[in-house]
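Trainee: Got a minute to go through this model with me? I'd like to take it piece by piece.

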Amino acid sequence: MARLASVGRMSQTVRGVVALSKGAPVTIEQIMIPDPGPGEAVVQVQACGVCHTDLHYREGGINDEFPFLLGHEAAGIVESVGEGVTDVQPGDFVVLNWRAVCGSCRACLRGRPWYCFNTHNAKQKMTLADGTELSPALGIGAFAEKTLVAAGQCTKVDPAAKAEVAGLLGCGVMAGLGAAVNTGNVGRGDSVAVIGCGGVGTAAVVGARLAGAARIIALDIDQRKLDVAQELGATHTINSKDLDHDGVVAAVQELTGGFGADVVIDAVGRPETWKQAFYARDLAGTVVLVGVPTPEMTLEMPLLDFFGRGGSLKSSWYGDCLPSRDFPMLIDLHLQGRLPLDRFVSETIALGEVEAAFAKMHHGDVLRSVVVF
């Protein structure tokens, strides 16, 4: 049953891309945006990337809280803020993040805010014109001309960066780059293998290069993606289209002195790719899972292998990033010419082209399509 919001004054009506029901093509709808309440901000969206997570929402793979206002990988200008907001102000250029830290949970109090267990979103609801409440993707909902978020979801960055580039830090690029730098703790001289070279995996390649890895091995079944990964820092590529499990492991070992890589990043998130990552790492090496599995996936392996190979098995949540620390730093690196964020933008599109962008993404034709307003 549709939820009808009981809201007071509405500040404005904008256009946004909505998934009304499971599996149905998205449509452009009129969205009602409340004035920001305490701790909230309204952001004029300038650009928003089309991420695979948005497609998961449309397909009902996240939850069934339809209708969804899609889009979450975005940058824009703060238009207005609510009571008590001091970190950002109208006119600030911001990247939106979906893990606004609380500052008071057990993770934050232990000095590990990137693990915050109580992240928050705007308390008020955006709605359709008839008052039906919308569920914003990852608490953002940025396939819209404007959106309402918690002020903590706004990270101020250098406005010299283009919005279509800066917004990519809001999800995919940060997830992959952080999987290498933050979660995998890649160091100078390390060997790294990245399984799956879509947007997230390619960002992991870039992160490994930034961290000083000596050998960066990109694996995928699509040669186009491998070519891009090599342009962005992979020292070696493996087309695994015709390789079985043992063939993938042997190929990585052959490029690492017979030992396996120090860090292997699974940017696919399937049982078979995780097993490849596990066995393709060196003894006491690290496996990082950043690809997102689906609920029905299971894994069965000999327990002795976990003990005998040692090392670390990690999951990477949002690249274990702290937006207030990482976003401004990475934008600075980009502006210095050291982080080629612009290479991730395959095309810029209009709001009405999101459905077509989903198809291109599904077929591996793009790293990122970006809606520009």
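Mentor: What follows covers strands, cores, voids, one helix and some backbone oddities, and the model is a predicted one.

Trainee: Start with the strands. What does β3 pair with?

Mentor: β3, residues 40–49, runs antiparallel to β9, with five bridges joining the two. β3 is also joined to β5 by eight bridges, again antiparallel.

Trainee: Which residues would I look at to check the register?

Mentor: For the β9 side, take Q44, whose bridge partner is K146. For the β5 side, take V42, which has S80 as its bridge partner.

Trainee: And how many bridges does β5 have to β6?

Mentor: Three, and β5 and β6 pair in the antiparallel sense. There G76 stands opposite V94 of β6.

Trainee: Back to β9. How many of its residues are buried?

Mentor: Five of the five, residues 146–150, so β9 is largely enclosed by the rest of the structure.

Trainee: OK, the nonpolar cores. How many residues are in the largest one, and which have the most contacts inside it?

Mentor: The largest nonpolar core holds 34 residues, and L70, L96, F143, C154 and F358 have the most contacts inside it. Two or more residues each come from β1 (10–19), β3, α1 (52–58), β5 (73–81), β6 (93–96) and α11 (354–362).

Trainee: What does L70 touch?

Mentor: Leaving out residues up to four places away in sequence, L70 touches V17, A19, V26, D54, Y57, A137, G141, A142, F143 and F358. Two of these, F143 and F358, are also on the list of residues with the most contacts inside the core.

Trainee: What lies apart from that core?

Mentor: Another core of 30 residues lies apart from the largest one, and its members include V95, V165, V228 and V345. As a general point, nonpolar side chains tend to be buried together in soluble globular proteins.

Trainee: You mentioned α11. Is E355 in that helix buried or partly exposed?

Mentor: E355, which is found in α11, is partly exposed, at 25% relative accessible area. The cut-off for buried is under 20%.

Trainee: What is E355 in contact with?

Mentor: P25, V26 and R58, again not counting residues up to four places away in sequence. V26 is also touched by L70.

Trainee: And how far is E355 from I140?

Mentor: Their C-alpha atoms are separated by 19 Å, with the two positions 215 residues apart along the chain.

Trainee: Switching to voids. How much space is in the second largest pocket?

Mentor: About 380 Å³. It is lined by 20 residues, and D87, A151, G152, C154 and S324 are the closest to its centre. β10 (154–156) and α10 (323–335) each give two or more residues to the lining.

Trainee: What is the lining like by class?

Mentor: Nine nonpolar, eight polar and three charged residues. Note that C154 is on the pocket lining and is also one of the residues with the most contacts inside the largest nonpolar core.

Trainee: What about closed cavities, how many of 30 Å³ or more?

Mentor: One. The largest cavity has a volume of about 40 Å³.

Trainee: Which residues line the largest cavity?

Mentor: E73, L168, G172, V173, G199, F344, L367 and R368. By class that is four nonpolar, two polar and two charged residues.

Trainee: G172 and V173 look like the start of α4. How many of the α4 residues are buried?

Mentor: 10 of the 12 residues in α4, which spans 172–183, so the helix is largely enclosed by the rest of the structure. G172 and V173 are among the buried ones, as is T183.

Trainee: What covers them?

Mentor: The cover includes β5, α5 (199–210), β14 (261–266), β15 (281–289), β16 (312–315) and α10.

Trainee: Last topic, the backbone. Where should I look?

Mentor: Most residues other than glycine have a negative phi, and most peptide bonds are trans. N185 has a positive phi of about 50° although it is not a glycine. N185 is in the loop between α4 and β11 (191–195), and at 58% relative accessibility it counts as exposed. L138 also has a positive phi, near 50°, and sits in the loop between β8 (135–136) and β9.

Trainee: Which peptide bond is cis?

Mentor: The one from F66 to P67, with omega near 0°. P67 lies in the loop between α1 and β4 (68–69).

Conventions. Residues numbered from 1 in each chain as written. Predicted model: local features only at pLDDT ≥ 70, side-chain atom pairs only at ≥ 80, totals over all residues. Heavy atoms only, no water. Buried < 20%, exposed > 50% of the residue type's maximum accessible area, 1.4 Å probe, protein only. Helix = DSSP H or I, 4+ residues; strand = E, 2+ residues; numbered from the N terminus. Pairing = 2+ DSSP bridges. Core = buried A, V, L, I, M, F, W, Y, C linked by side-chain atoms within 4.5 Å. Contact = heavy atoms within 4.5 Å. 1 Å grid on protein atoms, 1.4 Å probe; cavity = no way out; pocket = protein on both sides within 12 Å on 5 of 7 lines; lining within 4 Å. Points joined across faces, edges and corners; volume = space filled by probe spheres on them. Nonpolar A, V, L, I, M, F, W, Y, C, P; charged D, E, K, R; others polar.
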